[in-house]
Structures are given as C-alpha cells and as structure tokens.
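Open the structure in your viewer and keep the selection tool at hand. The stops below say what to select and what is there.

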Amino acid sequence: MTKSEELFQRAVKRIPGGVNSPVRAYGSVTEPPRFIQGAVGCKIFDVDGNAYIDYIDSWGPMILGHNNEQIKDAVIRASENGLSFGCATEVEVEMAEFICDKIPHIDMIRMVNSGTEAVMSALRVARGYTGKNKIIKFAGCYHGHTDAMLVSAGSGVMTSGVPDSAGVPKGCTQDTMIAVYNNLESVEKLFVESDNQVAAVIVEPVGANMGVVPPAEGFLQGLRDLCDKYHALLIFDEVITGFRLSFCGAAGFYGITPDLVTYGKIIGAGMPVGAYGGRKEIMEMVAPAGPVYQAGTLSGNPIAMAAGLTQLKILWEDQDIYQRLYRKGELLYDGIRKIFLEKGVNYQVNSVSSLGCVFFTEHEVVDYASAKASDTKEFSKYFQYMLNHGIHIAPSQFEAMFLSDAHTEAEIEETLDCINKYF
Ligand code: KE4
C-alpha cells in the first residue's frame, strides 16, 4: 500500500469523503488520490516520492509556480509581527489601493476569504443596489458553493453528477435563473420573463468549470448590452481568469467592463483570499458604509495580504508574463491539436491563453450540454495514464489545465510526448 492510499484510508474515517474539497477525492477517475508532500516551480511531489509536472497549480493561484521565494519571504516577514489582529492594518490599505489604482472598473474593493464568499457577497450587493432579486447564471458555470449558485453548477458539482445539491431549500434558488452559455437569446428570454426583476447576470467570462469553454465572439459584449438594456448589473466572476488572462483579467483581455468583479486564487497567491469590487456607487452599499451586510474574522488577514500583494506586484511589474503564458498555451494546446490531427483523433481541445483542456467528444464544446456529452470513462483512462507518467492534470473532465510562468518548453514538450504516446 502506498502512503497516499494509507493516508486516504485514515482520512475517510474523519473527513467527509477523505478530503476538504470534493474534487481532490479523484471521484470520477479510477486512481486513489495523491497526497502531496510539497511543490516547487512547476513540479509537485507526492508523499511516496513521485514527482509530477503540475497542471492543477492549486486550481490557479500558483501563476508564478509553486514556492516562489519572494512570496515565501513576504509571508515569513509578515508572520513575525503576528498572524491576525481583527483590526485594520496598513497592508490592507496597500492591497486595496494597488488594485483600485490599476483596474479601471474597480473604485473600491472588499477582501474576503474565498471565491465563494466573494460571489455570495457580490450577489447580495447587486440585490441591495438594484432592489431586485433575480440572478441569471449559466449552466456549467461554477461560482462556489453559496446556496443560490448551486443550480446547474460546474466543477465538482458537475463532476459528481449531482445536478444540484441536497440541503439547498427551494427558497434559496427560486430567484436563480439558468441561461445557456454562449447563447444570448436564452439570456434575453429570461430578462423578458422576469418582468424586469433581474438584479444581475453573473458569468465566468471564460467558462473553466465545465472544462474550458471560451466566450463566443460577441457573447460578453452581448451580456454587457443586455444588462444595460434591462438595468441589471454584469458580474464577472474572475476567480480563475482574474490576473491570469491579463493583469485586468478577462475584462482587460476581452475589453468588456463589468459592474462588479469577484476574485480568488491568484489574489491570495495560495493563501485563503477572495475579493469583490466595482464602482464606488455600488460598493458604498457595503457595511459599514451602507446597508448591505458582509463581514469576516480573517478578511484581509495580514499574512494573506502580504502573500497576495507580493504576487500582484510581481505580475504588475513583469507584465510580459501574460505574453509568455499566451505563448506557452499555444505551444501546449496547439501541440495537442497537432497530435490529434496527425493521429486522426477527433477529440476537442479548447483553450484561452494558459487555460485549456481536452474534451473526449467529437463535437465542438460551446456550453454545458456539449461538455456533458464528453466520454468521462475515456477521460479517466487518459488521466490515469498521464498521472502514472508524471503529468498531474485535474482528476475531472470538467476542469481546466493551468500553465504557470514556471512551466518551460521542456516540460511542455515532455507533456506532449506523453500525450502522443497515449493516443
Ligand atoms: P473558492 O470558494 O473555491 O475559493 O472559489 C469558488 C469559485 C468561484 N468562482 C469560480 C469561477 C471558481 O472556479 C471557483 C472555484 N474553482 C474550483 C476549481 N474549478 C476550486 C477547486 C475546488 O473546489 O476544490
């Protein structure tokens, strides 16, 4: 028995499913979950001494690669003053000023502790600001596990095949309406049906929780126009795309201005940080400035802020990273497309810059229904081969591959060689 297997046997006795987040249980693949000892750069090491090229990157935060020295030093330095005070600190002001000075559509921002908390709070602000209750989300998009968003959600919900979640009363989802990603008609239909009661449309500007599904040409602009037409807010959930596609996220990459934006992952550099922000007139609705309540014991934690701010400063000062990530994405995902072309494999490869995935289906994947048509059994066999040949990808068809600045051409070539051997 491997140490991972032994740890998993112990874990399942004391932690539901043996993990603190469902996707880590490898539930939809046939491998026992790997327990990780450590990581550096683009490599991750399990407790049995196996090394892998890592394309999970902690689900996105590790855009610079694992164990970045500058970030580690910042955490150690900050921890010397204490871990948490429950009072305001200078680093929170620096973090807020840094982001607001550089992201044009953010006048004010509130730190929380996860992407879920950021989304939950942004939805409340949108409802408080507009005085309306309905929210439009998209099938296959995942916005964390707040009750109102656990409807046709992506990521772990989609992986587990649970269409929604137990324990979510109808009352929590009665105001959540589901549209079809890349289908503007399905969105306008809901606006018309809801008798002008839509507070907000929330969208992953690049779908990355049903596998990777890029926005069709005009889709994001269409959402912007519909929200303006029906006086609703457009919320970009940039928990994955924020500070990844460009320093200004997908909003900057596609040139679309959201009214509110949610962040997670990269903003904390691996520490538990989420955030939501937008125009001053909206954000001043948030307590104690306004009537929309939201709070958190560890929000803006000084250690987490030190980590996140260090990472954001590195990204800001070296913005060529976004060109490097774009080129690495082309090398990897175009490389897979080339292999499929040469071998007559008709599977799909969807990608946007450093995000991408292989869909085990012969049809184009443009939304939840077409993603769901993928053969998850074939995916599981592919996952198992990759893992046993030192390539660590997400243990689910409905997740993304993440490239970091630490991945070099050598690792990408090694990955392509492995994929070539498999197919
Ligand atoms: P967290 O609460 O997990 O920090 O963020 C929720 C969330 C919100 N919005 C988007 C677009 C997200 O992708 C996420 C979380 N992403 C998943 C990966 N697909 C986290 C991995 C996990 O659940 O363990």
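Which strand is joined to β5 by 4 bridges? It is β6 (residues 176-179), and the two strands run parallel. Keep in mind throughout that this is a predicted model.

**Stop 1: β5 and its partners**

Select residues 134-138, which form strand β5. The strand is mostly covered, with 4 of its 5 residues buried. Add β6 and look at Ile 135 in β5, which stands opposite Thr 176 in β6. Next, add strand β7 (residues 198-203), which pairs with β5 in the parallel sense over 3 bridges. Here Ile 136 has Val 201 of β7 as its bridge partner. In general, the strands of a sheet pair through backbone hydrogen bonds, in either a parallel or an antiparallel sense.

**Stop 2: an open sheet**

Now select β1, β2, β3 and β13. These 4 strands form an open sheet in the order β1-β2-β3-β13, and the pairing is mixed. Why do β1 (36-40) and β13 (391-392) each have one side without a neighbour in the sheet? Both stand at the edges, and each has a single partner strand.

Within this sheet, focus on β2 (residues 43-46) and β3 (residues 51-54), which pair in the antiparallel sense over 3 bridges. Select Lys 43 and find its bridge partner in β3, Ile 53.

**Stop 3: the helix across the sheet**

Keep the sheet displayed and add helix α15 (residues 409-422). This helix lies across β2, β3 and β13, and runs at about 100 degrees to β3.

Then add helix α14 (residues 376-388), whose axis comes within 10 Å of the axis of α15. The two axes cross at roughly 130 degrees, which makes α14 oblique to α15. The crossing of α14 past α15 is right-handed. To see the contact, show side chains on α14 for Glu 378, Lys 381, Tyr 382, Tyr 385 and Met 386. On α15, show Thr 415, Cys 418, Ile 419, Lys 421 and Tyr 422.

**Stop 4: cysteines**

Finish by selecting the cysteines. How many disulfides does the structure hold? The number is 0. Take Cys 248 as one case: the closest cysteine sulfur, in Cys 100, is 12 Å from its own sulfur. That is too far for a bond, because a disulfide needs the two sulfur atoms within 2.5 Å.

Is Cys 248 buried or exposed? Its relative accessibility is 17%, so Cys 248 counts as buried. Cys 87, at 53% relative accessibility, counts as exposed.

Notes: Residues are numbered from 1 along each chain as its sequence is written. This is a predicted model: local features need pLDDT of at least 70, side-chain atom pairs count only at pLDDT 80 or more; totals for chains, interfaces and linings use all residues. Side-chain values use heavy atoms; hydrogens and water are left out. Buried means under 20% relative accessible area, exposed over 50%, partly exposed in between (1.4 Å probe, protein chains only). Two strands pair if DSSP finds at least two bridges between them. Axes are lines fitted to C-alpha atoms, for helices over the stretch in contact, and angles run from 0 to 180 degrees between N-to-C directions. Angles under 35 degrees count as roughly parallel, over 145 as roughly antiparallel, 65 to 115 as roughly perpendicular and the rest as oblique. A crossing is left-handed if the near helix is turned anticlockwise from the far one by less than a right angle, and right-handed if clockwise. Contact means heavy atoms within 4.5 Å.
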